[in-house]
Amino acid sequence: MPQTSIVRRKSEHLRIVAEEDVLHSRSTLFEDLHLEHDALPELDATDLELHTPFFGKTLDAPLMITSMTGGAEFAREMNEGLARTASEKGLAFSVGSQRVLLRYPEMIKDFAVRACIPDGVLLGNIGGVQLKEYSIEQIAGLADMIEADGLCVHLNAGQELVQGEGQQHGFSGVLDGIAHLVDRLDGRVLVKETGAGMGPKTLKRLAQIGVQYIDVAGSGGTSWTKVEKYRAPSHSLSSLGEVYQNWGIPTAVSLAAARRLLPEKVVIVASGGIQNGLEAAKAFALGAHLAGFARSVLLSFIEDGPQGAHAWIEAFLEQLRAAMILTGSRTPDELQSVAKVVTGGLKDYLSAYKLQPGDIQ
Ligand SMILES: Cc1cc2nc3c(=O)[nH]c(=O)nc-3n(C[C@H](O)[C@H](O)[C@H](O)COP(=O)(O)O)c2cc1C
């Protein structure tokens, strides 16, 4: 493996996420959403239906392991292990940023995990800022290189600003690049944040250019400004990371805005700080089609290998099924019509965005 700065950076990210406190100290605000308990669910566990369409295939459950790494020591083992786990459980899987492949194509082995998830949904990944540096053909080729069903484009302006080697000044032209890529890949593009969420303005712009898959990746989980703070090469970057460590739009807020503002046909993924099946159920109640997670499943993998990730997902599914029974919902979709009470910070945000609790059906 070439000891490039990208490889060093990715290895440091993994170490920091595994060893340091990298969470936002403000929450996703899912704790302010209360679903009505149904003491008479009139449902059997066998009535529950979790199958969900995604990228032209059918998942066994509406869940996704979102993009993590590639191009780091341990990346190949991690991508293979998590892809295999996703395949066994019928979930979607996305590799981490393939940027390194644009310069070092020989590192393909870290990412080429199709054999581990032969029939499932596999997505590639690239940074939005890279859409300005490389041709659309080169970027679209990243999906083909790993036989992916589509490509994630990640938005991470906060992280780039704090990252010493980041794209500190150039954030213009990304939207245009995404529009071209959506055309080139016939809509097989998922645009995601990385833990700072998306507000109404961003969501509307993505809808206008025809993006069909959006992962709001809100705040309340892994904070990438905080991760970069731990490896900042200068006092000014480390204090920038400190000041912006809690920056972003909480996941529950981003999601409510997405459901309200995006056309019905846009597939919404809820991620950013989703730690258990009850939070996923609340995400479905707010209108998400899928829920995703990164750091939590990674920690279980680091702790106990593929069995650890497997057990973590199994427990997550149990928690989700329990939420469905306790609200009398046969499908994740039916969670949308469960009566809800919104309190605290979530209520404040929704009224500021003029998303009254009544908008949440
Ligand atoms: C170790 C690690 C590496 C990541 N690398 C990428 C990446 O290469 N591309 C990307 O789009 N997101 C990346 N992410 C961000 C996640 O996909 C996710 O959006 C974010 O961590 C918030 O989710 P979480 O709170 O469940 O961790 C990474 C996350 C982790 C934990």
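In this predicted model, aspartate 21 is partly exposed, with a relative accessible area of 47%. The side chain of aspartate 21 is joined by a salt bridge to that of lysine 226, with an N to O separation of 3.4 Å, and this pair is one part of a picture in which the whole structure holds 13 salt bridges. The briefing below takes up the charged pairs, then two backbone angles, and then the surroundings of the ligand.

**Salt bridges between separate parts of the chain**

- The salt bridge of aspartate 21 with lysine 226 has an N to O distance of 3.4 Å; because aspartate 21 lies in the loop between H1 and strand E1 (33-35) while lysine 226 belongs to helix H8 (residues 224-230), the pair ties together parts that are 205 residues apart in sequence.
- The two partners are not alike in their exposure, since aspartate 21 has a relative accessible area of 47% and is partly exposed, whereas lysine 226, with a relative accessibility of 6%, counts as buried, the cut-off for buried being under 20%.
- A further salt bridge joins arginine 114 to aspartate 149, whose closest N and O atoms are 2.9 Å apart, and this pair links distant parts of the chain, 35 residues apart, with arginine 114 in the loop between helix H3 (99-103) and strand E6 (122-127) and aspartate 149 in the loop between helix H4 (136-145) and strand E7 (150-154).
- Both arginine 114 and aspartate 149 are buried.

**Salt bridges within a helix and in a network**

- Glutamate 19 and arginine 15 form a salt bridge in which the closest N and O atoms are 3.1 Å apart, and both residues lie in helix H1 (residues 5-19), with a spacing of 4 residues, or about one turn of the helix.
- Within this pair, glutamate 19 counts as exposed because its relative accessibility is 55%, the cut-off for exposed being over 50%, while arginine 15, at 37% relative accessibility, counts as partly exposed.
- Salt bridges also link Glu12, Glu228 and Arg231 in a network.

**Positive phi angles outside glycine**

- Leucine 29, a residue other than glycine, has a positive phi near 75 degrees; leucine 29 is placed in the loop between H1 and E1 and, with a relative accessibility of 11%, counts as buried.
- Aspartate 186, which is not a glycine either, has a positive phi of about 50 degrees; aspartate 186 is found in the loop between helix H6 (174-184) and strand E8 (189-192), and its relative accessibility of 67% makes it count as exposed.

**Surroundings of the ligand**

- The ligand is surrounded by 22 residues, of which the closest are Ser67, Ser97, Lys192, Thr222 and Gly273.
- Among the polar approaches to the ligand, a polar side-chain atom of threonine 66 lies 3.1 Å from a ligand oxygen atom, and a polar side-chain atom of asparagine 125 lies 2.9 Å from an oxygen atom of the ligand.
- Glycine 273 approaches through its backbone, with an N or O atom at 2.8 Å from an oxygen atom of the ligand.
- The ligand taken alone exposes 610 Å², and the protein buries 96% of that area.
- The ligand takes up the space of the largest cavity, and the elements that contribute two or more residues to the shell around the ligand are H1 and helix H12 (295-326).

Definitions and conventions: Residues are numbered from 1 along each chain as its sequence is written. This is a predicted model: local features need pLDDT of at least 70, side-chain atom pairs count only at pLDDT 80 or more; totals for chains, interfaces and linings use all residues. Side-chain values use heavy atoms; hydrogens and water are left out. A salt bridge is a side-chain nitrogen of Lys or Arg within 4 Å of a carboxyl oxygen of Asp or Glu. Buried means under 20% relative accessible area, exposed over 50%, partly exposed in between (1.4 Å probe, protein chains only). A residue is near a molecule or strand if one of its heavy atoms lies within 4 Å of it. A polar contact is a pair of N or O atoms within 3.5 Å; within protein, one must be able to donate a hydrogen and the other to accept it, and residues adjacent in sequence count only if both atoms are side-chain atoms. Accessible areas come from the Shrake-Rupley method with a 1.4 Å probe; for residues, only the protein chains shown count as cover. On a 1 Å grid over the protein atoms alone, a cavity is a set of points where a 1.4 Å probe fits but cannot get out, and a pocket is an open set with protein on both sides within 12 Å along at least five of seven lines; lining residues have an atom within 4 Å of a point. A molecule sits in a cavity or pocket if more than half of its atoms lie within 2 Å of its grid points.
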